[in-house]
Amino acid sequence: MTARLTLTPTSKVLILTGAGVSAESGVPTFRGTNGLWEERRVEEVASPQGFDADAKLVWRFYSLRRDGASKVNPNPGHEAIATLEARLGDRFLLATQNVDGLHTRAGSKRMICIHGELFKTRCERCNEPFVDTKTYFDAVPRCETCDGRLRPHIVWFGEMLNPTHLTQIDGFIESAGPELVFLAIGTSGQVYPAAGFVDAARRVGGQCWLVDVDPTPEYARRFDHVVRGKSGEVLPALFAP
Ligand code: OAD
């Protein structure tokens with residue numbers, strides 16, 4: 001039977017997305033077969049220590065990812081999420097762990113990029129992120145203003161998420177209370193604090209859904225409903241009005 005979400009006029013929907021949502025667009029996920037973390041150590045390319053040890057290697061990694069992400073397109077999963085937002089307005093919030101920009105290209109607006117944005121760069125000293133689609137394969141770029149080192153605008157392991165983002169998400173969950181419908185889509189639930197949003201949703205009495213082609217059992221256990229399938233195939237029907 002095709003799963004279908006039932007919403008009332010007062011329901012508030014919080015969606016958390018992970019790499020699985022972009023898999024059908026051709027963006028590799030992190031864990032599992034052919035995952036980005038299978039062929040390299042996470043700390044080498046996604047930590048402040050890795051950047052200090054070999055900034056050129058880190059920039060090559062993110063330059064390859066910029067190249068890859070600029071060649072792919074949003075899929076029906078991204079589109080279904082944007083369509084749901086258009087229906088719900090301010091009763092909707094998307095928190096994405098994805099940095100590839102595909103939700104924006106599909107039309108999502110009420111969105112928080114909790115792990116940063118692939119097409120932004122920031123200076124280690126000035127700290128102000130700016131849009132940057134360039135690739136840096138040969139040299140580490142420097143800030144035009146202060147000559148500080150430029151780095152990808154990504155939240156690396158060992159770094160804090162933007163506290164304003166967490167406050168916005170907490171605020172949405174609290175204000176929704178039992179009217180909350182929380183969906184985690186295409187995420188293995190291994191990275192906190194995102195992996196803990198389901199617990200916050202449960203605490204306020206929200207209804208929790210997991211959509212994943214191959215859900216992690218420890219994560220799935222914390223949800224009321226688990227829909228197994230590809231997000232690009234499941235979401236258009238799940239969100240049908
Ligand atoms: P993972 O690679 O850990 O998990 C991807 C999830 O997507 C898995 O549970 C897959 O089963 C599922 N999946 C794959 N294809 C799918 C499809 N077509 N439809 C639905 N589900 C599918 O990725 P994340 O959970 O996003 O952080 O990883 C979380 C964070 O860890 C990332 O944001 C990244 C990484 O280290 C940073 O780089 C800061």
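In the predicted model, five residues of domain 1 are in contact with six residues of domain 2. The domain assignment places residues 12–27, 74–115 and 159–238 in domain 1, while domain 2 is made up of residues 36–71 and 122–154. Each domain is thus listed as separate segments of the chain: 12–27 + 74–115 + 159–238 for domain 1 and 36–71 + 122–154 for domain 2. A distance of 26 Å separates the C-alpha centres of domain 1 and domain 2.

The ligand occupies the space of the largest pocket. Around the ligand there are 23 residues, of which Phe30, Arg31, Thr187, Ser188 and Asp212 come nearest. By residue class, the shell around the ligand comprises eight nonpolar, ten polar and five charged residues.

Oxygen atoms of the ligand lie at short listed distances from N or O atoms of the protein, on side chains as well as on the backbone. In the side chain of Thr187, which is also among the residues that come nearest to the ligand, an N or O atom is found 2.7 Å from a ligand oxygen atom. For His115, the distance between a polar side-chain atom and an oxygen atom of the ligand is 2.8 Å. Gly186 contributes through its backbone, with an N or O atom 3.2 Å from an oxygen atom of the ligand. Of the 810 Å² that the ligand exposes when taken alone, 92% is buried by the protein.

Terms used: Residues are numbered from 1 along each chain as its sequence is written. This is a predicted model: local features need pLDDT of at least 70, side-chain atom pairs count only at pLDDT 80 or more; totals for chains, interfaces and linings use all residues. Side-chain values use heavy atoms; hydrogens and water are left out. A residue is near a molecule or strand if one of its heavy atoms lies within 4 Å of it. A polar contact is a pair of N or O atoms within 3.5 Å; within protein, one must be able to donate a hydrogen and the other to accept it, and residues adjacent in sequence count only if both atoms are side-chain atoms. Accessible areas come from the Shrake-Rupley method with a 1.4 Å probe; for residues, only the protein chains shown count as cover. On a 1 Å grid over the protein atoms alone, a cavity is a set of points where a 1.4 Å probe fits but cannot get out, and a pocket is an open set with protein on both sides within 12 Å along at least five of seven lines; lining residues have an atom within 4 Å of a point. A molecule sits in a cavity or pocket if more than half of its atoms lie within 2 Å of its grid points. Ala, Val, Leu, Ile, Met, Phe, Trp, Tyr, Cys and Pro count as nonpolar, Asp, Glu, Lys and Arg as charged, and the others, Gly among them, as polar. Domain bounds come from an automatic or database domain assignment. Contact means heavy atoms within 4.5 Å.
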